[in-house]
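Q: Please take a close look at how the helices pack in this model, both within a chain and across the boundary between chains. Which residues meet, and how are the axes arranged?

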Number of protein chains: 2
Amino acid sequence: METEEVWEKIRELKPEIEDEIKEVIPENHHINYLYDQVHYHLKTGGKRWRPALCVLVCEALGGDKKKVLPFAAAIEIIHNFSLIHDDIEDQDEIRRDKPALWKKVGIPRAINVGDGMFAKSFVSASRSKEVGLSYQKSFKLMELLSKVVTSLMEGQAMDINSRDRLDITEEEYMTMISNKTGSLVGGSLMGGAIVADASDKAKRNLREFGEKIGPAFQITDDILDFSEKKGRGGSIGNDIREGKRSLMVVNYLQTSDDPTDLIDILDKPREETTERDVDKALRLLKKNNSIHYAKEKKNKLAREAISKLNVLPDNEESRYIEGMAKFLVERNF
Amino acid sequence: METEEVWEKIRELKPEIEDEIKEVIPENHHINYLYDQVHYHLKTGGKRWRPALCVLVCEALGGDKKKVLPFAAAIEIIHNFSLIHDDIEDQDEIRRDKPALWKKVGIPRAINVGDGMFAKSFVSASRSKEVGLSYQKSFKLMELLSKVVTSLMEGQAMDINSRDRLDITEEEYMTMISNKTGSLVGGSLMGGAIVADASDKAKRNLREFGEKIGPAFQITDDILDFSEKKGRGGSIGNDIREGKRSLMVVNYLQTSDDPTDLIDILDKPREETTERDVDKALRLLKKNNSIHYAKEKKNKLAREAISKLNVLPDNEESRYIEGMAKFLVERNF
């Protein structure tokens, strides 16, 4: 499947997901500061590919799209809640080329807006009952959501904790990004499978798909930070300026004879990191084969993830899902 | 019922609630920084009277305590999550006479710890199924929790928003504290009623009880800020230093001929507010009858709340609930 077709499908599903989000987060609400700011953040962009995957899996397995939309919206709301809080925690000032919410409204309000979205994601999941699911399925979706968000928070805890560490292992790193990225994608697919009454084996495979494609997506994102195309204020190497521990950095720290040069650059305060520092970091990572290593790892994860999709029936939706998986790890957006 | 008997009952229930919390937030977890810090916060104190109310209502209505404990724990976890985030948002450095979590571990980690508790409160509520409730009741409890926490966040939004305002009306103020305090207490009672299969009328009354006793509790708390006994680092008038809009302040702003003197004190940065300022504010509020007004309002709310308890059968647990209601608005802790 061509990339353009996948894009088209995601774009096609987006309005229904947006409408579903608005069911629980109305525009022009009387507590305008809270919900207006949610919409400010939501309008910074986002492709809504996670809820799109949720809907497509449900349909691929013969489920009813209408019944999965509240849960799909819940996944997207949780994702955006985590971006708002992560930006505060990481002091990231730019989100999707616009000021991060906390830069716009201050930390206290941004925390509260994130919390409001957290709450609303559960309200959205609880709408599953209203759109015709049984108590059992509605409960299982809410239970799933609470597990997903626990993983997210544990992943973020590991992430914050690992920033000062030089001895983080690849295994620890992979556990962390699997929590931070894989659980949400896995949860999105599991939700679709629950609504569609899929077998336990199908659910397990789909969860494993998410747990692999999520990290593959993250590694792709980190590699893209060195390319011109990613955006983020147009500058490359932002992760280096932030001292972020990516798989490339973890690999370098573990395999280079003397990682001091890179560590010095990563540990510099962001505003003191020069273009030359970024260039040097890039050269060091390349010379040590760490970028190549990350690409290989990402490809391996993607292959393993896609192999898990064999539980899906052979139909159009399944082909979109496979296309989307490839797209997520080969993208340049 | 004597205050001491109510205390004794709360103390008696506390260990079971603590054990239930540990079911979802284990001590000595491998992600120690996240869960250790939750326990640091939980150990700063707290009477656990909200979950105690939840358990007592369930028992008063003939329900099984074992089946309500996961939801009762969820209520307590949510309450503590909100304290952690509120302390950051309000820059409160002291919580229950100890450094607030964010002062101890920094804002990024404290946000994440709060989020982790938020997630775990839903995990706790989802345990309702495991302890023997039906899918229907388990779903209804999770749905209730998502509504409760939405109210909390809306209340906090209104609170942050009202801080710079001089024209806040009593009605707006009451809506705000009903959201911030009443919804959690109401939710706690509603949860107990759901588990015990209470009638819709009983549920409605109990929710209304919470919506009245919560604000009455908050007003009591604000009045206590002027007494020696409250603690909070032993000093009185902390709310004045923080510029907090309490019912007393709202009443003063609305009824005093010239509120400028009080506004000047409230608007001073906390560290510049002197003992004399606090004394003066207290005198102004007294002279304007605003403290008396708040006491009357609180007593009225408490009477109305207690009248709602007529839906409870005449038994020992019901007497504890009524005793607790009186205790919450007549306390000096």
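A: What follows describes the contact between the chains and then three helix pairs. The model is a predicted one, and the description begins with the interface as a whole.

Between the two chains, 41 residues of chain B are in contact with 41 residues of chain A. The area buried between chain B and chain A comes to about 3,600 Å², and carbon and sulfur atoms give 69% of that area. The count of salt bridges between chain B and chain A is 0.

One part of this interface pairs helix H6 of chain A, residues 107-130, with helix H6 of chain B, residues 107-130, and their axes come within 12 Å and cross at roughly 15°. An angle under 35 degrees counts as roughly parallel, so H6(A) is roughly parallel to H6(B). The crossing of H6(A) and H6(B) is right-handed. On the H6(A) side the contact is made by A:Ile111, A:Asp115, A:Phe118, A:Ala119 and A:Phe122, which meet B:Ile111, B:Asp115, B:Phe118, B:Ala119 and B:Phe122 in H6(B). The residues of this contact divide into 8 nonpolar, no polar and 2 charged.

Within chain A, helix H3 (residues 49-60) and helix H4 (residues 65-90) pack at an angle of about 155°, with their axes 8 Å apart. Because angles over 145 degrees count as roughly antiparallel, H3(A) is roughly antiparallel to H4(A). The crossing of H3(A) and H4(A) is right-handed. From H3(A), A:Arg50, A:Pro51, A:Cys54, A:Val55, A:Cys58 and A:Glu59 take part, and they meet A:Lys65, A:Val68, A:Leu69, A:Phe71, A:Ala72, A:Ile75, A:Glu76 and A:His79 in H4(A). The residues of the contact of H3(A) with H4(A) comprise 9 nonpolar, 1 polar and 4 charged.

Within chain B, the axes of helix H4 (residues 65-90) and helix H8 (residues 170-195) come within 9 Å and cross at roughly 170°, an angle that makes H4(B) roughly antiparallel to H8(B). The contributors from H4(B) are B:Lys67, B:Val68, B:Phe71, B:Ile75, B:Ile78, B:His79 and B:Asp86, and those from H8(B) are B:Lys180, B:Leu184, B:Gly187, B:Ser188, B:Gly191, B:Gly192 and B:Val195. The contact of H4(B) with H8(B) involves residues that divide into 6 nonpolar, 5 polar and 3 charged.

How values were computed: Residues numbered from 1 in each chain as written. Chains lettered and ligands numbered in written order. Predicted model: local features only at pLDDT ≥ 70, side-chain atom pairs only at ≥ 80, totals over all residues. Heavy atoms only, no water. Axes fitted to C-alpha atoms, helices over the stretch in contact; angles between N-to-C directions. Helix = DSSP H or I, 4+ residues; strand = E, 2+ residues; numbered from the N terminus. Parallel < 35°, antiparallel > 145°, perpendicular 65-115°, else oblique. Left-handed = near helix turned anticlockwise from the far one by under 90°. Contact = heavy atoms within 4.5 Å. Nonpolar A, V, L, I, M, F, W, Y, C, P; charged D, E, K, R; others polar. Buried area = accessible area lost by both parts, 1.4 Å probe. Salt bridge = Lys/Arg side-chain N within 4 Å of Asp/Glu carboxyl O.
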